[in-house]
Amino acid sequence: MAALSRWDTWRFLFALLCVCDWSAAQISYSVSEEVDKGTVVGNLAKDLNLKLNDLQSRSLQISSIHRKVYFQVDLKNGFLFVNERIDREELCPNAAKCSLNIEAILSQPRDLHRIEVNIIDINDNSPSFNEESKIIEMYESSYLGERYPLPTARDADTGSNSIKSYKLTPNEHFSLDVQSSEGQSLSAELVLQKALDREKQAVITLTLTAVDGGKPARSGTLQITVNVMDVNDNSPLFTRSLYKVQIVENAKIGSTLLTLSATDLDEGVNSQIVYSLAEKGHVDPHDKFSLNEQTGEITIKADIDFEENQAYEIRVQARDKGTPPRIAHSKVLVEVIDVNDNSPEISVSSLMSQVKEDAEIGTVVALVTTTDEDKGKNGLTSCRITGSVPFKLKSNYKNYYSLLVDGDLDRERISQYNVTITATDEGTPPLSGTNVITITISDVNDNAPQFPEPVINVYVKENRPVGDAIHRITTVDADTNDNAKPTYAIVNSFNSNIPVLSMVNINSDTGDIVCLQSFNYEEIKTFQFKVQATDSGVPPLSSNVTVNVFVLDENDNSPGILAPYSEHGSVNSENIPYSAEAGYFVAKIRAVDADSGYNALLSYHISETKGTNLFRIGTSTGEIRTKRRMSDNDLKTHPLLVLVSDNGEPSLTATVSIDVVVVENTADIQTQFRHVPVKEESFSDLNLYLLIAIASVSVIFLLSLISLIAVRCHRTDSSFSRYSAPMITTHPDGSWSYSKSTQQYDVCFSSDTLKSDVVVFPAPYPPLDGELISINGGDTFDRTQTLPNKEKVC
């Protein structure tokens, strides 16, 4: 958990770095261990060539990989000071040199400076022995000058504060011989200066004092008890007082390290030697080595790891089997040779959680550090990126690297990269380690919303309820989150004379187009406007689409009966002669429908009444004709109810009532002029002139008709056997048609105003036999001549 917390701290301190230029320069300071908190280490602002006001503006921070924050910087004066208690022995056990590496981080612009703080040892540890007392057995026959190795003391301090001397309490039998060798610890031997006499003094008690070189000096003591024994007067003797041997780490268990050799001048049992390990010291040799007590062969009993311990000092002794036995001592120095058995390790810190897709080339993404527990060339590493990715490594200092952006990033193409970093050492054979860094690319607003089509056609039925959504606009955006969240608005209308914004609105969030009024197909059939979709990015991007709205017709208009007939509610009358033949033209019903298409396709029917057996009507023309001749049993008046139906769903109808009166005398047949309702307006001079003109033309026309009828009646015995009375029919647009044998005129005037001009159109050709002339092509029957179907423009 402690290691995890350390890396979390490392990542947190570097998480805000985006674009950084790392400096390879290093600043060195020195500070003693155990100094008080707040002790100034150095003037960091001065050494970094920074002004004091730059310290806060550039957010100077101190970071290290250690769990504790040992140093901090005072942003007011720029001094680097001690923030936590520093124990050199805890940080660097068994190391001659101890230093802490920290980083000074600046922002705006980003910069990094490495700082090495050397921890100076103070004399805060006393020498100590592994055991509180030492018992030495000596024979009274021991010769003067005989030496007895004493246990070595340990001191956690180094340098001048380490053990510098040993002292022995004054006595008459022994002196102390202190030995030192280059690179080895100080050792002491007890030297016999005066022959021993067990009978006088069987036990000698001594105190060995180890003194370090500190000021003031510290010391540690060991109680030595010398038991004087009797008499084996020759001690074994090793061939060497110091054995040196080398062994490669990871040597096979059971392999021979060396074979000790010792001799004894005595004979018999007193010359038989038994080998053993003398003492444990601070490293127990029994854990790694075994010694054959008969042969003196030292073999390896456990794995040897150079990274765990680079050398071993083994104390051995040779003891004879005399009574009492005599013992000789020697040292074995084992040097462990490193082999390339550790792969480099890659650690990543200050990894940015996300990298923007528009990040510039050179943007720092993470810090990469490589470590290798091997030494020498086996511990030298090189780092590289495997594969093709838009990132590169930049060497900062020794085994420190920066991971930089080295190409264009596009989240819409690749949203995440797995960057494989490989570190390789220079050992033989070389070993490699890899670490895969997952880099997530964050989105920027570089894509505008896109409509699925450049033009959207919306079809909506007329009479749609106000507030109904008639269409939903949708867009796609390759970006994400707010950069892809669109808002919609109507930005332009192509119908300058139509207030589009009063007709439709659009929901800015959902894109629903809502009608603000009910559409009327008969008033407006189509209109056009533009919709703009804008995303929520910064800056926002937008695009437009043209929307065409087509209003669809509904059957919401009933047929309208045209003049001269009135709709249901009033009765119209038509006269026919008793002598009318089958197919005799009675009347023509005309109607219009404001709808379009099938909704305006009209059909005519006679309601089931008593008159249906005498009359029929053209379903498409509206012409009412007789089915047969009249008989004496028929009624004189035949009421007809004509239904005009459109083809819509559901069908709408209009009715008109017509009373067909059968007359005996043709003089009783009078042409009925049905006046078209006009709007009440002020009577102007123009209206007066129009009425006078109409009256004059009508009088002339009627006189001509009367003359024609008189001539015809004079030439035939039966006045109505061949000719029918002249009739006046009306057009849907309000024009009248008259028939005569020699000439035909069309009189046209507007149906809704008296301010129209009167124009008389001569017929293009005369009617046959002076029969009734109809206006539309469907009006012909038998000898009836049809006029061309043209509208008269008034």
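A salt bridge is taken here as a side-chain nitrogen of Lys or Arg within 4 Å of a carboxyl oxygen of Asp or Glu. By this criterion, the predicted model holds 17 salt bridges. The views below show three of these contacts and their surroundings.

**View A. Salt bridge between glutamate 34 and arginine 85**. The closest N and O atoms of the two residues are 2.9 Å apart. Glutamate 34 belongs to the loop joining strand E1 (20-32) to strand E2 (40-43), and arginine 85 to the loop between strand E5 (79-82) and helix H4 (88-91), so the contact ties together parts that are 51 residues apart in sequence. Glutamate 34 is partly exposed, at a relative accessible area of 26%. Arginine 85 is likewise partly exposed, and its relative accessible area is 44%.

**View B. Salt bridge between arginine 85 and aspartate 87**. The N to O distance between these side chains is 3.5 Å. Aspartate 87 has a relative accessibility of 16% and therefore counts as buried, the cut-off being under 20%.

**View C. Salt bridge between arginine 326 and glutamate 146**. Here the closest N and O atoms lie 3.4 Å apart. Arginine 326 is located in the loop between strand E22 (311-320) and strand E23 (327-337), whereas glutamate 146 is in the loop between strand E8 (133-139) and strand E9 (147-149); the pair therefore ties together parts that are 180 residues apart in sequence. Arginine 326 and glutamate 146 are both buried.

**View D. Network of Glu34, Arg85 and Asp87**. Salt bridges with shared partners join these residues into one network.

Definitions and conventions: Residues numbered from 1 in each chain as written. Predicted model: local features only at pLDDT ≥ 70, side-chain atom pairs only at ≥ 80, totals over all residues. Heavy atoms only, no water. Helix = DSSP H or I, 4+ residues; strand = E, 2+ residues; numbered from the N terminus. Buried < 20%, exposed > 50% of the residue type's maximum accessible area, 1.4 Å probe, protein only.
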